[in-house]
Amino acid sequence: GACRSLNMIGRADLDAETSKTVPLDENELRPVSLPPTFVGCVAISPPLDLDKGMTVLEQPKAKVWHKYLLDGIFVWMDNIKGSISPDAISKVDRAATALSIREFDDILVAPLHGFASAADYYAKCSPARCLAAIRRPTLLIRARDDPFLWPGDCDTPALTDNPNITALLPQNGGHIGFVSWQGLRLMPWAEITAAKWMAAQFARQRTAGAAAGAAGAAA
């Protein structure tokens, strides 16, 4: 979700929602126009390669989690069925028979959004291919032991090559499970880290704005 400081905007997202964090022109992999007040964004436990991440999710160790996610999709479909156009009902009904998220994407999500298949959707929408194009400060938090995402994501070159990206890649943390002890209390480490980082971006932007204003007045 978005957070604000005066007239500045920041954004933080979890898991798959991070694919929406940095708007890009999908054809040319260049950032779309963002207001100068958009100072930064945070991604926590993002999948960077969707196809390889889905392969991990299909492994036996993730069977329970995969079923949980798929069942959640089916519940969501039942809730929106009344608002779906009659010509799309047959596709929705067919998608409800999917045995995996990949099959569901292949039947419904991909064609619904103009992709040839789930493989085409994953290839064109994987955040990894867009990281080099990021031009605003971005904090990425991702555990190397995340059981539901491809481990190789953490070694994506753009995470270290792009100076606009700050990547925190702790060995432990699981999937959106970052906690730390403060005395006798367990605290949400990722959220606290993200809030402090975003506050620093706001402060840096305010300082830069004040300096630019002073320079303009002197001129």
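**Buried and exposed salt bridges around the helices**

Asp-153 and Arg-142 are both buried in this predicted model. The two residues form a salt bridge, and their closest N and O atoms are 3.1 Å apart. Asp-153 lies in the loop between strand S6 (138–141) and helix H6 (158–161), and Arg-142 also lies in the loop between S6 and H6, so the pair ties together parts that are eleven residues apart in sequence.

This contact belongs to a wider set, since a search of the whole structure finds six salt bridges. Side chains of opposite charge can pair when their charged atoms come close.

Two further pairs are found within helices. In helix H2, Asp-71 and Lys-67 are four residues apart, about one turn of the helix. An α-helix has 3.6 residues a turn, so residues three or four places apart point the same way. The salt bridge between Asp-71 and Lys-67 has its closest N and O atoms 2.8 Å apart. Asp-71 is partly exposed, with a relative accessible area of 33%, whereas Lys-67 is exposed, with a relative accessible area of 54%.

Helix H5 holds a pair with the spacing of four residues, about one turn of the helix: Lys-124 and Asp-120. Their side chains meet in a salt bridge with an N to O distance of 3.3 Å. Which of the terms buried, partly exposed and exposed applies to Asp-120? With 19% relative accessibility, Asp-120 counts as buried, because buried means under 20% relative accessible area. Lys-124, at 42% relative accessibility, counts as partly exposed.

Attention now turns to helix H1. This helix spans residues 50–57, and its buried residues are Leu-50, Gly-53, Met-54, Val-56 and Leu-57. Viewed down the axis of H1, these buried residues fall within an arc of 155 degrees, so they line one face of the helix. The cover over the buried residues of H1 includes helix H2 (63–80), helix H4 (101–112) and helix H5 (118–125). Helices H2 and H5, described above for their salt bridges, are thus among the elements that cover H1.

The N-terminal end of H1 is capped by Asp-49, which has a side-chain oxygen 3.2 Å from the backbone nitrogen of Asp-51. Asp-51 also takes part in a network of salt bridges that links it with Glu-58 and Arg-102.

Notes:
Residues are numbered from 1 along each chain as its sequence is written. This is a predicted model: local features need pLDDT of at least 70, side-chain atom pairs count only at pLDDT 80 or more; totals for chains, interfaces and linings use all residues. Side-chain values use heavy atoms; hydrogens and water are left out. Buried means under 20% relative accessible area, exposed over 50%, partly exposed in between (1.4 Å probe, protein chains only). Helices (H or I, at least four residues) and strands (E, at least two) are DSSP runs, numbered from the N terminus. The arc is that of the directions from the helix axis to the C-beta atoms. Contact means heavy atoms within 4.5 Å. A polar contact is a pair of N or O atoms within 3.5 Å; within protein, one must be able to donate a hydrogen and the other to accept it, and residues adjacent in sequence count only if both atoms are side-chain atoms. A salt bridge is a side-chain nitrogen of Lys or Arg within 4 Å of a carboxyl oxygen of Asp or Glu.
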